[in-house]
Amino acid sequence: MAVGGHGDEPSGSFEVVREHGGPVLHLSGDIDAPLVQRMESAGVDERDLVAVHVGSLAYIDSMALSMLVRWAQHADREGRPAVIRQPTSRFRQVLELTGLSPLFVLESSPVNPPPSAARDRGADLRDRGARS
């Protein structure tokens, strides 16, 4: 697998978390064309999303940005915001440089981590407790 998200295999991951307001897409690692294709194959429809969590994002390519733009445009047509959760300074910079910032509402405060992250943290805490 190539470094920086330029190989044929996805080097990032995604998880759709159902929240009371609707589905939230959690992205982590390198979000590139192969991963976008994997999301589409898995049935992820960006039009259904209420937010995208990018706090664990390392890299995003133009295909992934295009997916976010389609989502933002659809949300705007429906009169709702396209909320980006936990944008890093690097992600904010990408939005600024590409002129895409006005399409999104950026939320910096943590809302809900993906369930797998909560399970992982719980396991870490149990492991630490067992060693004490």
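Two strands are taken to pair where DSSP finds at least two bridges between them. In the predicted model described here, strand 2 and strand 3 (residues 51-60) are joined by seven bridges and run parallel. One of the residues concerned is His-26, whose bridge partner in strand 3 is His-53.

The chain contains four helices and five strands, which follow one another from the N terminus in the order β-β-α-β-α-β-α-β-α. Of its 132 residues, 39% count as buried. The exposed area of the chain is about 7,600 Å², of which carbon and sulfur atoms supply 50%. Among contacts in the chain with a separation of 6 or more, 61% are accounted for by residues 24 or more positions apart.

The five strands make up an open sheet with the order 1-2-3-4-5 and mixed pairing. Strand 1 and strand 5 (105-107) are the edge strands, each pairing on one side only. From one strand to the next, the twist averages 25 degrees. At one edge, strand 1 (residues 12-19) runs antiparallel to strand 2 (residues 22-31), and eight bridges join the two. Strand 1 and strand 2 form a hairpin, with two residues between them. Next to this turn, Glu-19 has Gly-22 of strand 2 as its bridge partner. Strand 2 thus takes part in both kinds of pairing, being antiparallel to strand 1 and parallel to strand 3.

Two of the helices are placed against the sheet as follows. Helix 2 packs on the sheet and touches strand 2, strand 3 and strand 4 (83-85). The direction of helix 2 makes about 165 degrees with that of strand 3. Helix 3 (residues 89-98) lies across strand 3, strand 4 and strand 5, and runs at about 95 degrees to strand 3.

Helix 2 also packs with helix 1 (residues 33-41), at an angle of about 45 degrees and with the axes 8 Å apart. Helix 1 is therefore oblique to helix 2. On the side of helix 1, the contact is made by Ala-33, Val-36, Gln-37, Met-39 and Glu-40; helix 2 contributes Met-63, Ala-64, Met-67 and Arg-70. By class, the residues of this contact divide into six nonpolar, one polar and two charged.

Two residues were examined individually. Ile-31 lies in strand 2 and, because its relative accessible area is 0%, is buried. Leaving aside neighbours within four places in sequence, Ile-31 is in contact with Ser-13, Met-39, Leu-57, Tyr-59, Ile-60, Asp-61 and Ala-64. Of these partners, Met-39 and Ala-64 also belong to the contact between helix 1 and helix 2. Ser-13 is 18 residues from Ile-31 along the chain, and the C-alpha atoms of the two are separated by 7.4 Å.

The second residue, His-74, is found in helix 2 (residues 62-77). Its relative accessibility is 16%, so His-74 counts as buried, the limit being under 20%. Outside the four places in sequence on either side, His-74 is in contact with Arg-47 and Arg-80.

Note on methods: Residues are numbered from 1 along each chain as its sequence is written. This is a predicted model: local features need pLDDT of at least 70, side-chain atom pairs count only at pLDDT 80 or more; totals for chains, interfaces and linings use all residues. Side-chain values use heavy atoms; hydrogens and water are left out. Buried means under 20% relative accessible area, exposed over 50%, partly exposed in between (1.4 Å probe, protein chains only). Contact means heavy atoms within 4.5 Å. Axes are lines fitted to C-alpha atoms, for helices over the stretch in contact, and angles run from 0 to 180 degrees between N-to-C directions. Angles under 35 degrees count as roughly parallel, over 145 as roughly antiparallel, 65 to 115 as roughly perpendicular and the rest as oblique. Ala, Val, Leu, Ile, Met, Phe, Trp, Tyr, Cys and Pro count as nonpolar, Asp, Glu, Lys and Arg as charged, and the others, Gly among them, as polar. Accessible areas come from the Shrake-Rupley method with a 1.4 Å probe; for residues, only the protein chains shown count as cover.
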